[in-house]
Protein chains: 2
Amino acid sequence: MTADLDALKTRLAEHNDLVMAAALLRWDQATYMPEGGNAARGRQLATLERIAHDRLTDPGLARLLDKVTPAAEREGPDSFLGRLVKVARTDVDRAAKVPAAFVSAFANHRAETYDAWTRARPANDFAAVAGLLAKTVEMSREYAGFFAPYEHVADPLIELADPGALTSSLRALFAELRRELVPLVDAITRAAPADDACLHQAFPEAEQLAFGLQMAQQFGYDLARGRQDKTHHPFMTKFSLGDVRITTRVRTNDLACALFSTLHEAGHAMYEQGIDRAYEATPLAEGTSYGLHESQSRLWENLVGRSLPFWKGAYPRLQAAFPAQLGGVPLDAFYRAINRVERSLVRTDSDEVTYSLHVIMRFDFELELLEGKLAAKDLPEAWRARAQADLGATPPTDVDGCLQDVHWFDGFVGGAFHTYALGNLMSAQFFDAAVAAHPELPAEIEAGRFQTLRTWLVDNVHVHGRARSADEIVRAATGQPLSTAPYLGYLRRKYGALYGL
Amino acid sequence: MTADLDALKTRLAEHNDLVMAAALLRWDQATYMPEGGNAARGRQLATLERIAHDRLTDPGLARLLDKVTPAAEREGPDSFLGRLVKVARTDVDRAAKVPAAFVSAFANHRAETYDAWTRARPANDFAAVAGLLAKTVEMSREYAGFFAPYEHVADPLIELADPGALTSSLRALFAELRRELVPLVDAITRAAPADDACLHQAFPEAEQLAFGLQMAQQFGYDLARGRQDKTHHPFMTKFSLGDVRITTRVRTNDLACALFSTLHEAGHAMYEQGIDRAYEATPLAEGTSYGLHESQSRLWENLVGRSLPFWKGAYPRLQAAFPAQLGGVPLDAFYRAINRVERSLVRTDSDEVTYSLHVIMRFDFELELLEGKLAAKDLPEAWRARAQADLGATPPTDVDGCLQDVHWFDGFVGGAFHTYALGNLMSAQFFDAAVAAHPELPAEIEAGRFQTLRTWLVDNVHVHGRARSADEIVRAATGQPLSTAPYLGYLRRKYGALYGL
């Protein structure tokens, strides 16, 4: 058995090495690669991904999994071996179910669609991509079909991001959330709007980067196992548990952009850095779901990073970093500025309160598209109606409407957006549980001490990697299944106070 | 045949992709990787290299080579196909001849030796590595044995770096070179020494980097297909013909360090950037030998970069970049400073005239070690004697003697040093030929125009990649086989004038 287990681990590590190498090639492409490297880089990535896929579907790997299964069963489902075999088999089975011909056909379609979108978006030309999007819907259904039977056609797509989550339960959660958020946005936007002009002065890039990274480090992002670079779109990536990197972008006329993106990505990175090092080079060494990942980034970005206690402590330091710009701006005005709520059209620029409405709207469209109730060509019209109903604003163009997000033009339709709302819900539920366990947390955060919070997150969430499902982690860490109550409670308390509701 | 050729190219491209991906992992390790990434990175590199080796020794590749060989023969040895098949077969045969057990045993021994050297060097403790070095000599002989029969045991090791070069011919060239250089160094060091204090003022890093890179671009280094980053040791690496990068290191109290390292590495990079783009992703898309590579870096660093015509044009711009430091230093004094010759102990700090003597000494030791005429344990003693005889200086410690270079502690003994002297010889022979073809070159260099020289190098040297051997390239470009005359003539003219000999 030991020899089989060693052989299994060697194969899994080899697969992991190929995936991590591909991630580095992608990071380099986004950070430092000169433009001349583009053509070859695409081919190199395809080669690494093909070999990684071949290794995962190699019958030898499946045989080794069979061989160690009796031992895994003896040691029990909660043992390291039990979890390893379960998660590895999930990956192997999934890779095996999708025919190579589909993978390659979808890769081609995806590249064509993405390319068309990059031209259609600036031209506000939805018609140019409507046909491609219709085909994406069809291929998304086809992909789901490989995993039949299912309860809902979106389930296998959701499973890719959030294993265990079902369309039916997400639908129920999101309907509840929407029912409460629409009137909340309405009430807030009737109140006097917050003024965020103080964030839109000239803020030099180097100082912005230094301040954000210093905050991230104070939260607990370990730069001996990470670093920050600049990219067009911020992201987190990792090449091992000892090398978890973030990127950010800086706008010199918008202090919030780089700062909150750094705190957000640092939240993702701290999750990966907190995973049990014993899982290194196995499929367990990874965040367990996109939703859980998003809960960690949102928690540090919003529940901590946009909170009053945090800025009571940190604002004097921010003022010291930007004395000319913020020296005369009181804490209260700054706090209101970074929490300004408005009837927004663009998801990525939207605030905490409207954000989930943007997401739920997309989730509902995904289901309607997959169910055949909405045709791709009718999306712009449906988008305008729903935006008006939920957000109280109608996009004047599709650029601010159904063309704004890359997701459906660079991947499947289905499973692309729910994660963000899930992450919001989890973030507040975790934070409440941490405060219940450690009532001193708000005072510590005000004092610039984050160790208690981070340790609670590591012990209850991060350390498990993929050895526990998101649902298991939420229940064990918070004592409850996932619900909308903590997040809605958080929003009502915070924004009720801010807008005097 | 077309299908076979396509299949062959696909396999070669896949091998190339893996090798290039590994190169990026190594570049990242030297530039940006946080220290926490080290352990996993070693394993990831080993995985990529093992898979690359497996692909190269896959019987399917050898069969495809056999299948296209008749067509290659029909098209002739100078056709693209003829060259491709020849070079690919060289790589395949070489990979096949070395048993996997040896590769893995040597990798382990090499890692152990390197690790021991990193501790023995600062401690000046040669005894701690003598046994490991003796084993390296033995394993170097064993490696050579896989390629028996040979004329000299060092030949297969030299072949790794400089295909076609033989110990016997290198020995003859180097003996001639040494015979002339020893008295030249002697005569120069009797003359009044040059003063290089002007180079050892405070030079801010950013300005140094900017000036060096600007010069490299003016030479012709294309930043749309390259970039420069900082590393502990400067190097050139590439990930495709469209992505050829250099690194440098900066000492803020030594203007020469970053500047000449940038010009040197840019010379390497321009060679790779000049290779026929049609060779991309084949084994032809690579410099043809280490010696030829070194000739290109030395040519730009020394024959251009340390020449009087170049600085007649460029020195005012350097003064403008560093007015406080160089405003009062005349061109002549600066030119003498960057060409200061001294009886040096350390190869990497040595000047153009003594450099080859450092290298020839190591080459001779390699042969004696491999021939069993010198025992590893007796190296320190032999080193001291030879340094005194050739350079007129005895290293007070082994740190300045036989422990100074990493090469023998991170690879084979044999084939490690000859390349530098070969590159020196070639650099002058190419430059003379370019000037013979374009007598206006020195005037152009003074005017800051490098296009004619670069075009001559691209057309006569770079474009061929591995499709021509170094020997073929030297003969075709210069009309002569390689000889010591051009390089010795260059040194005598330049340093005769500088030191009034």
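**Exercises on two cavities and a helix**

In this predicted model, α9(B) gives three residues to the lining of the largest cavity, the largest share.

**Exercise 1.** Find which residues line the largest cavity, and sort them by class.

*Solution.* Step 1: the cavity holds about 40 Å³ of space. Step 2: its lining consists of B:Q208, B:F211, B:G212, B:L255, B:L259, B:L318 and B:F322. Step 3: two elements of chain B, α9 (205-219) and α10 (255-273), each give two or more residues to this lining. Step 4: by class, five of the lining residues are nonpolar, two are polar and none is charged.

**Exercise 2.** Do the sorting for the second largest cavity.

*Solution.* Step 1: the volume here is about 30 Å³. Step 2: around the second largest cavity stand A:R362, A:W383, A:C402, A:D405, A:H407, A:W408 and A:F417. Step 3: these divide into four nonpolar residues, one polar and two charged.

**Exercise 3.** Check the span of helix α15 (residues 352-371) of chain B against its number of residues.

*Solution.* Step 1: the helix has 20 residues, and the expected span is 1.5 Å times one less than that number. Step 2: this gives 28 Å. Step 3: the end C-alpha atoms lie 30 Å apart, which agrees with the expected span.

**Exercise 4.** Describe the ends of α15(B), and state how many of its residues are buried.

*Solution.* Step 1: at the N-terminal end, B:D351 acts as a cap, with a side-chain oxygen 3.0 Å from the backbone nitrogen of B:V353. Step 2: after the helix comes B:G372, with a positive phi near 80 degrees. Step 3: taking buried as under 20% relative accessible area, 18 of the 20 residues of α15(B) are buried, and the helix is mostly covered.

Definitions and conventions:
Residues numbered from 1 in each chain as written. Chains lettered and ligands numbered in written order. Predicted model: local features only at pLDDT ≥ 70, side-chain atom pairs only at ≥ 80, totals over all residues. Heavy atoms only, no water. 1 Å grid on protein atoms, 1.4 Å probe; cavity = no way out; pocket = protein on both sides within 12 Å on 5 of 7 lines; lining within 4 Å. Points joined across faces, edges and corners; volume = space filled by probe spheres on them. Helix = DSSP H or I, 4+ residues; strand = E, 2+ residues; numbered from the N terminus. Nonpolar A, V, L, I, M, F, W, Y, C, P; charged D, E, K, R; others polar. Buried < 20%, exposed > 50% of the residue type's maximum accessible area, 1.4 Å probe, protein only. Polar contact = N/O pair within 3.5 Å; in protein donor to acceptor, adjacent residues only side chain to side chain.
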